[in-house]
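Please open the model in a viewer and colour it by chain. The tour below proposes a series of selections and states what is found at each.

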Amino acid sequence: MGSGILVFAESDGGQVKKTAFELLTKARELAGALGGGVSAVLIGGGDTAGLAAHGADTVYTVAGDAYGNYTTGAFTRALQTVIGQADPAVVLGAASPVGKDLLPRLAARLDAGLGTECTALDVVDGQLVGTRPVYAGKATVTVTISSSPAVYSVRPNSFSISAGAGAGSVVAVDVALGADDVLTQVVEVKASSSAVADLTEAERIVSGGRSLKSEENFQRVIVPLAQSLGATPGASRAAVDAGYAPHSWQVGQTGKVVNPELYIAAGISGAIQHLAGMRTSKVIVAINKDAEAPIFQHASYGIVDDLFDVCPALTEAFGAALGD
Amino acid sequence: MKIGVCLKQVPATDSAIKINADATGIVTDDVKWIVNPYDEFALEAALQLKEAGQASEVVVLSMGAADSEARIKDGLARGAGSAVRLHDDAFAGSDSLGIARVIAAACKKAEIGLLLCGRQAIDTDNWQVPAMVAELLGWGQVSAISTLALEGETVTATRAAGSGSSHLVQTRVPAVLTCDKGLNTPRFATLKGIMMAKRKKIACWGAADLGLDGGVGAAGAHVTVSGYAPPAARPAGRVIDGDSPAAKAQELVRLLREEAKVI
């Protein structure tokens, strides 16, 4: 049996991602109840001091040319090697595109259990219990894992971040990569075409529905409103299927599940499959001229009016409030 | 090369989900069942590769009880050549790794060279089984792909890489690929396809057929799922009054700043 918690800290271009600090903050709290220390693993480079400042007693680093871009095989071998050395009872990672590709492969290699995309982690009677949405959030379940380590991934923005100094000793780990570890090659990196956060990581989102009526109106109404807030634009399935917005913008059961601080839904009626994708948002604002639209039952604040009048006014008001 | 397509029966996206009395699962009486939407993209990709002469056969692999055969028939009606239902009392209570062991064994037995799956099943939302199958078989994997090309043994595909960026990656068959929305537009079954599917037999393989002894079922599971509950209720909201759209907008901004404190 291992002990302590190991956080897989993702980095992007040498920058440690915010999710790593969310996980470390939660890991400190859990370690207080479970016992054992908190460590982090950073593969491919990044700032180890930031991890220490959020509670890592040990930061394992794996460096090398193989880790410049994420590949499943190399990262699985690196994480497996660090786990062999650190011997944690629990491994935590983000339920990001990388985490969702890497952690199941790792779990299979370790013959370990995995709980995906938890929104809460608690210690109950000395055991770690994950709570996670199923059916796209129409229900939740609790997950316990009997293997050591137990592996959990966590939905971004689920936990708040607080500083708490760990010892932060850095341990460089040598990983021997074999031919079997190089199964995929990244041949091209296509950088994000927008300056805003990905929907799954965004803290503010402005989504439009079919009432927008055209792609041009999305660009004219939704995009400026999102820009006034530094928010990421999104869309309902109906709007995406009508061709008003790209697939990558779709929020809902067959799109992206999002978890922002602020979600503004403009001209979205609130179909069950859309609600499934955004119901854990901290604050939901609904703008719809139909007072009976189901979205209002889930909204923190509702405006019953024409979105084509409200959104430009809101763009101006946010600009004035946030521009100072 | 034979292409395997994993296909799962799930509740329709517009289904309300009700929790059963002892919180061990959902009430399935009124549920409308569909093929997992992401599996439809996987099936369509497989059929297109077959039509391009890059596969000898498309084989549907589906774990489930006999009541899931209508969904398997749907896959056959759209053009899959054959189908295997994977079922055994010994599989009951499997966690994702147990399910992956069943599917990996089925891939070997069916001599699958490329396995296409949905990026996730929209019921359990686990995102686990395909990557676990790839690991068990020692194959490459690419998750949540939005483009796909196969040339000889080389697979070239686009995957999301986080922070809004994407990677164009290459791997070689045999491999496991999971499919995202946007990869293609799934076809509907034709009347002819539906008639042909009716006549096709669906094979059923159990633990003995697959040479599985342990590692599956509740006894082999590391993960225990319990405590089904409805999502936490949201606190009641309120409608913002005002004389004009501009007045309502001003009031909303004030509330977001002073009350909700999110801006």
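Select β7 and β8 of chain B first, and centre the view on their hairpin. Two residues lie between the strands of this hairpin, and B:G152 there adopts a positive phi near 60°. Please bear in mind throughout that the model is predicted.

β7(B) comprises residues 140-151 and β8(B) residues 154-162. The two strands pair in the antiparallel sense, with six bridges between them. To locate one of these pairings, display B:T147, whose bridge partner in β8(B) is B:T158.

Keep β7(B) in view and add β10 of chain B, residues 175-179. Is this pairing parallel or antiparallel? β7(B) and β10(B) run parallel and are joined by four bridges. Here B:I145 stands opposite B:C179 of β10(B).

Remain in chain B and select two helices, α2 (residues 69-78) and α5 (residues 191-199). Two packed helices are described by the angle between their axes and the distance between the axes. For α2(B) and α5(B) the angle is about 125° and the axes are 7 Å apart. The helices are therefore oblique to each other, and α2(B) passes α5(B) in a right-handed crossing. Show side chains for the residues that make the contact: B:K73, B:L76, B:A77 and B:R78 from α2(B), with B:G193, B:I194 and B:A197 from α5(B). By class, this contact has four nonpolar, one polar and two charged residues.

Next, colour chain B by domain. The assignment gives domain 1 as 2-220 and domain 2 as 237-263. The C-alpha centres of these two domains of chain B lie 47 Å apart.

Now display both chains and turn to the contact between them. How many residues does each chain bring to the contact? Chain B brings 72 residues and chain A brings 77 residues. On the side of chain B that touches chain A, the elements giving two or more residues include α3 (96-109), α4 (129-137) and β9 (165-172), as well as the β7 and β8 of chain B already visited. Helix α7(B), residues 245-258, gives the most to this side, with ten residues. By class, the side of chain B that touches chain A has 38 nonpolar, 24 polar and ten charged residues.

Strand pairing across the chains can be seen by selecting β10 of chain A (residues 139-145) and β12(B). These strands run antiparallel and are joined by five bridges. A:V143 stands opposite B:V225 in this arrangement.

A further selection takes in strands of both chains. The order β15(A)-β14(A)-β16(A)-β17(A)-β18(A)-β13(B) describes an open sheet of six strands with parallel pairing. Its edge strands are β15 (232-235) of chain A and β13 of chain B, each of which pairs on one side only. At the β15(A) end, four bridges join β14(A), residues 204-208, to β15(A), and A:I205 stands opposite A:T232.

Add helix α5 of chain A, residues 215-229: this helix lies across β14, β15 and β16 of chain A, at about 170° to β14(A). Helix α8 of chain A, residues 307-322, lies across β16, β17 and β18 of chain A, at about 135° to β17(A).

Finally, colour chain A by domain, with domain 1 at 5-181 and domain 2 at 199-322. Their C-alpha centres lie 32 Å apart. Domain 1 of chain A gives eight residues to the contact between them, and domain 2 of chain A gives eleven.

Key:
Residues are numbered from 1 along each chain as its sequence is written. Chains are lettered from A and ligands numbered from 1 in the order in which they are written. This is a predicted model: local features need pLDDT of at least 70, side-chain atom pairs count only at pLDDT 80 or more; totals for chains, interfaces and linings use all residues. Two residues are in contact if their C-beta atoms, placed from the backbone, lie within 7 Å. Ala, Val, Leu, Ile, Met, Phe, Trp, Tyr, Cys and Pro count as nonpolar, Asp, Glu, Lys and Arg as charged, and the others, Gly among them, as polar. Two strands pair if DSSP finds at least two bridges between them. Domain bounds come from an automatic or database domain assignment. Axes are lines fitted to C-alpha atoms, for helices over the stretch in contact, and angles run from 0 to 180 degrees between N-to-C directions. Angles under 35 degrees count as roughly parallel, over 145 as roughly antiparallel, 65 to 115 as roughly perpendicular and the rest as oblique. A crossing is left-handed if the near helix is turned anticlockwise from the far one by less than a right angle, and right-handed if clockwise.
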